[in-house]
Amino acid sequence: MDTLFGRMMEEILIHETKLVCGNRLKVVKAVFDLGEIDMVVRDPETDSCVIVEVKHSTNRTLHQRRHLLDKSRCDLISDRFGQ
């Protein structure tokens, strides 16, 4: 049930962010062989992006941020979406 709820939250957050950003920013989920980044928000004007990990837990742990801190994933994101 938690996995389903987490996926639903990710999809809702991506959808709502796309609505707010309109056509100015690109909002996607990035899936790689190494795993995924829940949401990437790219600004094509500045060739930059923000990466987001969606969690519905009340606790924050380093384990939850591991994908955001992984250099190989960050390199893949910057190659594809910008700094």
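By contact I mean heavy atoms within 4.5 Å. Keep that in mind, since several of my slides list contacts. The model on the screen is a predicted one.

I'll start with Glu53, where the definition is needed straight away. Setting aside the neighbours within four places in sequence, Glu53 is in contact with Asp38, Gln64, His67 and Leu68. Glu53 sits in the loop between β3 and α2. Is Glu53 buried or exposed? Its relative accessible area is 17%, and buried means under 20%, so Glu53 counts as buried.

One of those contacts, Gln64, is found in that loop between β3 and α2 as well. Eleven residues separate Gln64 and Glu53 in sequence, and in space they are 7.8 Å apart, C-alpha to C-alpha. Gln64 is buried too, with a relative accessible area of 16%. What does Gln64 touch, leaving aside neighbours within four places in sequence? The list is Glu53, Lys55, Ser57 and Asn59.

Next, the strands. β1 and β2 run antiparallel and are joined by six bridges. The link from β1 to β2 is a hairpin through two residues. Within this pairing, Ala30 stands opposite Ile37 in β2.

On to the partnership of β2 with β3, which covers residues 48–52. These two strands also pair in the antiparallel sense, here over five bridges. Two of the partners can be picked out on the screen: Val40 has Ile51 in β3 as its bridge partner, and for Val41 the partner in β3 is Val50.

β2 and β3 form a hairpin as well, with four residues between them. Please look at Asp47 in that turn. Asp47 has a positive phi of about 50°, although it is not a glycine. Asp47 is partly exposed, with a relative accessible area of 41%.

How enclosed is β2? Seven of its nine residues are buried, so the strand is largely enclosed by the rest of the structure.

That leads to the cores. In soluble globular proteins, nonpolar side chains tend to be buried together. In this model, the largest nonpolar core has eight residues: Val28, Ala30, Phe32, Ile37, Val40, Cys49, Ile77 and Phe81. Three elements each supply at least two residues of this core, namely β1 (26–32), β2 (35–43) and α3 (71–81). Which of them gives the largest share? That is β1, with three residues. Another core lies apart from this one; it has six residues, including Ile14, Leu25, Val27 and Met39.

Let me stay with one member of the largest core, Ile37. Outside the neighbours within four places in sequence, Ile37 is in contact with Lys29, Ala30, Ile51, Val52, His67, Leu68, Arg73 and Ile77. So Ala30, which stands opposite Ile37 across the strands, appears again in this contact list.

Arg73 is also in that list. Arg73 lies in helix α3. Is Arg73 buried or exposed? Arg73 is buried, with a relative accessible area of 10%. Beyond residues up to four places away in sequence, Arg73 touches Leu34, Gly35, Ile37 and His67.

My last topic is the largest pocket. Its volume is about 220 Å³. The lining consists of 13 residues, and the closest to the centre of the pocket are Glu10, Glu36, Asp38, Glu53 and Lys55. Glu53, where I began, is one of these. Which elements give two or more residues to the lining? They are α1 (2–21), β2 and α2 (66–69). Of the elements, α1 gives the most, with five residues. By residue class, the lining divides into eight charged, four polar and one nonpolar.

To recap, β2 pairs with β1 over six bridges and with β3 over five. The largest core has eight residues, and the lining of the largest pocket includes eight charged residues. That is the end of my slides.

Note on methods
Residues numbered from 1 in each chain as written. Predicted model: local features only at pLDDT ≥ 70, side-chain atom pairs only at ≥ 80, totals over all residues. Heavy atoms only, no water. Core = buried A, V, L, I, M, F, W, Y, C linked by side-chain atoms within 4.5 Å. Buried < 20%, exposed > 50% of the residue type's maximum accessible area, 1.4 Å probe, protein only. 1 Å grid on protein atoms, 1.4 Å probe; cavity = no way out; pocket = protein on both sides within 12 Å on 5 of 7 lines; lining within 4 Å. Points joined across faces, edges and corners; volume = space filled by probe spheres on them. Nonpolar A, V, L, I, M, F, W, Y, C, P; charged D, E, K, R; others polar. Pairing = 2+ DSSP bridges.
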